[in-house]
Amino acid sequence: MPDKEEIRGCAIRKDLYYRVEDHTWVKVNDDDTVLVGMTDVAQNMAGPLLHAKAKGAGTKRDKGKPIATVESGKWVGPVKAPISGEIIEVNPKVAQDAKLINQSPYNEGWIVKMKPTNLQAELAEMQTGDAAVEAYRQKIEKEDLKACVHVEGFEA
């Protein structure tokens, strides 16, 4: 079980890299590809997700450009690429059932796998470990974000 902390009930895993301003995370795989997803904070703010439409495999994205659009009953918006690169795989489970992002934002609910073009430099601009927890703590308190409420079967 990965080490994590909770802030107002929102789980922040310490083994991931975060782009806190966009509420996205990156997990670096052994083959230097990365998994990308929405944070627990983001999925909680969006509410129960109805649809998740990711850009297709082969799409190249610069950091900050949309890699997917997610829709809930109260929100529609982009998921921005936390890192530059090419989408090499879209999570078929999330495409079929967007609620997987609500249930398992850091595990089964990853959105795309990417082949990064500037991995080390862009990871250096992100937060991880205790620094990520502190960055999220400051953002949650500054913006007075509501406490996370999790769906049945939630896992961080």
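Where is Asn91 found? Asn91 sits in the loop between strand 10 (85–90) and helix 2 (92–96), with helices (H or I, at least four residues) and strands (E, at least two) taken as DSSP runs and numbered from the N terminus. The model is a predicted one, where local features need pLDDT of at least 70 and side-chain atom pairs count only at pLDDT 80 or more, while totals for chains, interfaces and linings use all residues. Residues are numbered from 1 along each chain as its sequence is written, and side-chain values use heavy atoms, with hydrogens and water left out.

Start with the overall picture. The protein is built with five helices and 12 strands. Its radius of gyration is 14 Å, close to the 15 Å that the globule rule gives for 156 residues, so the protein is as compact as a globular protein of that length. Here the radius of gyration is taken over C-alpha atoms, and the globule rule is 2.2 Å times the number of residues to the power 0.38. Along the principal axes, the C-alpha atoms fill a box of roughly 35 × 30 × 30 Å.

Next come burial, contacts and surface. Of the 156 residues, 47% count as buried; buried means under 20% relative accessible area, exposed over 50%, and partly exposed in between (1.4 Å probe, protein chains only). Among contacts (heavy atoms within 4.5 Å), those with a separation of 6 or more come to 64% from residues 24 or more positions apart. The protein exposes about 7800 Å², and carbon and sulfur atoms supply 46% of that area. Accessible areas come from the Shrake-Rupley method with a 1.4 Å probe, and for residues only the protein chains shown count as cover. As for charge, the mean positions of the 22 positive and 25 negative charges are 5 Å apart. Lys and Arg count as positive and Asp and Glu as negative, with His and the chain ends not counted; the place of a charge is NZ of Lys, CZ of Arg, CG of Asp or CD of Glu.

What about the inside? In soluble globular proteins, nonpolar side chains tend to be buried together. A nonpolar core is a set of buried Ala, Val, Leu, Ile, Met, Phe, Trp, Tyr and Cys residues joined through side-chain atoms within 4.5 Å. The largest one here has 26 residues, and Met38, Ile67, Ile101, Ile111 and Val112 touch the most other members. Elements that give two or more residues to this core include strand 5 (34–38), helix 1 (40–46), strand 8 (66–72) and strand 11 (112–116). There is also a second, separate core of 19 residues, with Ala11, Trp25, Tyr106 and Ile140 among them. Back in the largest core, Ile111 touches, among others, Val36, Met38, Ala54, Val79, Asn91 and Ile101, not counting residues up to four places away in sequence.

That contact leads back to Asn91. With a relative accessible area of 3%, Asn91 is buried. Leaving aside neighbours within four places in sequence, Asn91 is in contact with Glu108, Gly109, Trp110 and Ile111. The C-alpha atoms of Asn91 and Met114 are 11 Å apart, with their positions 23 residues apart along the chain. Met114 belongs to strand 11 and is buried, at a relative accessible area of 0%. Its contacts beyond four places in sequence include Thr33, Val34, Arg61, Ile83 and Ile88. From Met114 to Trp75, 39 residues apart along the chain, the C-alpha separation is 25 Å.

Ser104 is in the loop between helix 3 and strand 11. Ser104 is buried, with a relative accessible area of 2%, and touches Gly109 and Glu155, not counting residues up to four places away in sequence.

Arg19 has its place in strand 3 (residues 17–19). Despite carrying a charge in the count above, Arg19 is buried, with a relative accessible area of 17%. Not counting residues up to four places away, Arg19 touches Thr24, Lys63, Ala81, Pro82 and Met126.

Finally, two backbone oddities. Most residues other than glycine have a negative phi. His23, in the loop between strand 3 and strand 4 (24–28), has a positive phi near 60°, and counts as buried at 11% relative accessibility. Asp32 has a positive phi of about 65°; Asp32 lies in the loop between strand 4 and strand 5 and is partly exposed, with a relative accessible area of 48%.
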